[in-house]
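Colleague: Please take a close look at one spot in this model and work outward from there. Plain prose will do, with the numbers where they help.

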Amino acid sequence: MNPRLLRWLLPLLLAVALLAGWETLHHLLPASRRFLLPDLARLGAAFREHGAELARAARYTAGAALAGFGLAALVSVGASLLLASSGLIRTTLYPYLMLLQMVPVIIIAPILILWVGPGAPSVIIVTFLISFFPLVVNTTQGLLSVERAQVDLFRMGRASRLQEMFLLRVPAALPYFFTGLRISAILAPIGALTADYLVGSTTGGLSGLGITALLFSARNEIAALYATALVGCLLGFALVAAVSGLAWLALRRWHDSYTPSDL
Amino acid sequence: MPSPYISLQSVTKRFGSAPPVLEALTLEVEAGEFVSLIGPSGCGKSTLLKLLSGLTPTTSGGISIDTRAPGLSDELAYVFQDATLLPWLNVSANVETLLRLRRMPTEERLRRRDAALDLVRLSSKALAYPRQLSGGQKMRVSLARALALEPRLILLDEPFGALDEMTRDHLGEELLAIRERQRWTALFVTHSVAEAVFLSTRILILAPHPGRIAHDLPVHLPYPRNHKTRRDPAYLQLVAEVSTRLRAVEEGDPTPAS
């Protein structure tokens, strides 16, 4: 069988099988419990009924996710350059960077509400906090993971520190940076959704998927909750796809992870 | 009396508190010589090249290249054991790397790049990326990068060590052909006696613990040398002699065997 066709067919077949399994499971449940796993028809109806609301919330959450994610990417590059420039800076700053990731969002949330109030700025800050760490860890690692002989080559060529950083370490770190970016691309929409749930604002009709989920949950609309989850996943997929596209553009010509035989 | 091109006076190198890698090594090399350094591992061959490159300082003793201290000289190129190409740059850009670090004017940089690619016969691969090249081609790019500096001295640290014998022989012949056109001095670290004899005007056999020169042998084979040289009885006899002496050194007896 044509391997190209197989590459499309297999994931498609799995999707159909999963949907069929879902539907079967729904009918296997005792009638009193079936509302926990709504059948596909009811899910479809939920999408039709709440489509406009979900689309608006998704746009808001996507915006917040992108803003937090973009900010994290930007700040992490600067922070990584700083961290990679000196071992002393690394040992001094690293514990505090970990702190950023370790403090639970649940605890930061009420503090953020007091400081900046509920709404978009808080949501973006939480998303930033969640997506920052994988980026800075991977990028710093990349800047430091340069072959010894290549560093020697630059030192013998009497490269300045700036030349060594930007002509050698930065390009060598690109694959690592994209690894961090991919992890953060998965975390950012989840982060924005959770943040909306915790520190979002309902005023002015500007709310994201988190608050939408909160409302559906309060109204016991299980099918709509599933629909919200699916929309959240789609946001994640879209961001990961965008990042993978960027990585492909930047690395395909030289990096071993894009060997011609793979295409 | 004019001073020799390269001069090492009683050079000792130790790393930390470990026993010295090189001890009281004295060596003079004239301009235009092709000197091979051969010896068991731990004899400090690579360290010697690093000292000459200026990358590492000596512990004691003096080094001068053309009467100047190492590391201050623009005339020196280094070829590593691995090709150490930058995988994100194509062949052209790799050859230009060191010229860019010097902020050389574009016109001059491109002229040197093209000349160097021409010397290693890789002009047709100028736009290829390193991963598209064979091991031998990568090493030729690495050579071109060194040659683009238009050096007067080339330090080569086992440059053909990772290649198969065929490729290795071919590259050796190419290196000599390039030397016919560009007169530089070479210090060449190798593990292959045949390669050392084929390429050099002079062979130094180093003994380990601590590293020192055990034998200093001239090679009186006429240039140009080519595949016929490898069947020359004088060549074969010299290979046998160097091998015997090297074995004696490896077995801890640095006195001449003959």
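Modeller: The spot I would pick is A:Arg158, which sits in the loop between H6 and H7 of chain A. The model is predicted, so the values below are computed from it. A:Arg158 is not a glycine, yet its phi is positive, at about 50°. For background, most residues other than glycine have a negative phi. The relative accessibility of A:Arg158 is 43%, so this residue counts as partly exposed; to be called buried, a residue would have to be under 20%.

The two helices that flank this loop also matter for the contact with chain B. Chain A contributes 23 residues to that contact and chain B contributes 21 residues. About 2,000 Å² is buried between the two chains, and 65% of that area is on carbon and sulfur atoms. On the chain A side, the residues that lose the most area to chain B are A:Leu153, A:Met156 and A:Trp254, which together account for 33% of what that side buries. Helix H6 (148-156) and helix H7 (161-199) of chain A are the elements that give two or more residues to the side touching chain B. H6(A) gives the most, with 7 residues. As for polar terms, chain A and chain B have 0 salt bridges between them, but 6 residue pairs are in polar contact, counting pairs with both residues at pLDDT 80 or more.

Chain B has a comparable case of backbone geometry. B:Glu150, also not a glycine, has a positive phi of about 50°. B:Glu150 is placed in the loop between helix H4 (135-147) and strand S6 (153-157) of chain B. With a relative accessible area of 37%, B:Glu150 is partly exposed. Two cis peptide bonds in chain B can be listed alongside. One joins B:His209 and B:Pro210, with omega about -10°, and B:Pro210 lies in the loop between strand S8 (202-207) and strand S9 (212-218) of chain B. The other runs from B:Tyr223 to B:Pro224, with omega near -5°; B:Pro224 is in the loop between S9 and helix H7 (233-250) of chain B.

Back in chain A, A:Asn220 takes a positive phi of about 60° just after H8(A). In helix H8 (residues 209-218) of chain A, the buried residues include A:Leu209, A:Ile211 and A:Phe216. H7, the helix that follows the loop of A:Arg158, is among the elements covering the buried residues of H8(A), as are helix H2 (40-85) and helix H9 (222-251) of chain A.

For the wider setting, chain A has 9 helices and 0 strands. Of its 263 residues, 40% are buried. Among contacts in chain A between residues at least 6 apart in sequence, 73% join residues at least 24 apart. Chain A has an accessible surface of about 14,700 Å², with 72% belonging to carbon and sulfur atoms. Part of the surface is a nonpolar patch with about 1,300 Å² of accessible area, and its members include A:Tyr96, A:Met102, A:Ile107 and A:Trp115. Helix H3 (87-102) and helix H4 (105-116) of chain A each give two or more residues to the patch, and the largest share, 6 residues, comes from H4(A). A:Ile107 lies in helix H4 of chain A and, at 47% relative accessibility, counts as partly exposed.

Notes:
Residues numbered from 1 in each chain as written. Chains lettered and ligands numbered in written order. Predicted model: local features only at pLDDT ≥ 70, side-chain atom pairs only at ≥ 80, totals over all residues. Heavy atoms only, no water. Patch = residues over 30% accessible without salt bridge, like charges linked within 9 Å, V, L, I, M, F, W, Y side chains within 5 Å. Areas by Shrake-Rupley, 256 points an atom, 1.4 Å probe, with all protein chains shown as cover. Salt bridge = Lys/Arg side-chain N within 4 Å of Asp/Glu carboxyl O. Helix = DSSP H or I, 4+ residues; strand = E, 2+ residues; numbered from the N terminus. Buried < 20%, exposed > 50% of the residue type's maximum accessible area, 1.4 Å probe, protein only. Contact = heavy atoms within 4.5 Å. Buried area = accessible area lost by both parts, 1.4 Å probe. Polar contact = N/O pair within 3.5 Å; in protein donor to acceptor, adjacent residues only side chain to side chain.
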